[in-house]
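This report covers a nonpolar core, a charged patch and two unusual backbone angles. The model comes first.

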Amino acid sequence: MAHRLKKEKDYSYIEVGEGTPIIVLHGLMGGLSNFDSVTSHFSQKGYKVIIPELPIYTMSLLKTNVKSFAKYLHDFIEFKGFDEVILLGNSLGGHIGLYHTKMFPKKVKALIITGSSGLYESAMGSGYTKRSDYEVIKKKAQDVFYDPEVATKEIVDEVYETVNDRNKLIKTLAIAKSAIRHNMSKDLPNMHTPTCIIWGKNDTVTPPEVAEEFNELLPDSDLFWIDKCGHAAMMEHPEEFNSILEKWLTKRQF
């Protein structure tokens, strides 16, 4: 289901449904379409689902970092006039959500992270020495998922195009360094925002122990596992992901 991209001021975003705003934050190589199932489901359940295009490759190199993206998110929330939002982030998007919550805790009523960076970054930006080899990039894209079939040709082509674009590659590596610099292990114990952690048991990018560490460090978190699932649970097991999240939001009265 293709959702129309709105363009207003400096922002491009998808917005579907009415109700409590859920702002979805995509990852480094993640397209907005990765969240089609989340968008379709929760926009029918009393939520306004908004997915902004994050300026991962459009900010100056100096501003290509987690903190700048978190500030951009804050500016977007202000632009939309929301008092409080629920943030949902995958991979780098989870890290941006966490950092935003650290900086602007009053703006975030709940946080959902899946395959999030912020504690463990070894997989980000590495292994692009053979970036011109399509088969190598295809394998790298497939490794993100438990089931390699989820990495469609469209996804592989997009990753291949990104890592072979010199400007995008430089920014990808800058983000990887920034993610290490903005490690959140010391911040998490002071962050009391209710957090739902949904993780693939077979995630090789951010392994299961990362989820356990998030759960230990965050004062108010719940951890849920999805079996036979890699780094992008909302793509690989959309129905299970939506079911876990809906139950959590209902239980926590969001």
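Helices (H or I, at least four residues) and strands (E, at least two) are DSSP runs, numbered from the N terminus. Helix H7 spans residues 208–217 and holds Glu209. This is a predicted model: local features need pLDDT of at least 70, side-chain atom pairs count only at pLDDT 80 or more, and totals for chains, interfaces and linings use all residues. Residues are numbered from 1 along each chain as its sequence is written, and side-chain values use heavy atoms, with hydrogens and water left out.

**Core.** The largest nonpolar core has 38 residues. Such a core is a set of buried (under 20% relative accessible area) Ala, Val, Leu, Ile, Met, Phe, Trp, Tyr and Cys residues joined through side-chain atoms within 4.5 Å. Ile23, Ile56, Leu87, Leu98, Leu188 and Phe214 touch the most other members. Elements that each supply at least two residues include strand S2 (11–16), helix H3 (92–103) and H7. Helix H2 gives the largest share, seven residues.

**Patch.** Glu209, Glu212, Glu213 and Glu216 form a surface patch of negative charge. Patch residues have over 30% relative accessible area and no salt bridge (Lys or Arg side-chain nitrogen within 4 Å of an Asp or Glu carboxyl oxygen). Like charges are joined within 9 Å.

**Positive phi.** Most residues other than glycine have a negative phi. Two lysines depart from this, with positive values. Exposed means over 50% relative accessible area, and partly exposed lies between 20% and 50%.

| Residue | Phi | Loop between | Relative accessible area |
|---|---|---|---|
| Lys9 | about 50° | S1 (5–8) and S2 | 68%, exposed |
| Lys228 | near 50° | S8 (221–226) and H8 (233–236) | 48%, partly exposed |

Technical notes. Patches are made of residues with over 30% relative accessible area and no salt bridge: like charges are joined within 9 Å, nonpolar side chains (Val, Leu, Ile, Met, Phe, Trp, Tyr) within 5 Å. Accessible areas come from the Shrake-Rupley method with a 1.4 Å probe; for residues, only the protein chains shown count as cover. Lys and Arg count as positive and Asp and Glu as negative; His and the chain ends are not counted. The place of a charge is taken as NZ of Lys, CZ of Arg, CG of Asp or CD of Glu. Buried means under 20% relative accessible area, exposed over 50%, partly exposed in between (1.4 Å probe, protein chains only).
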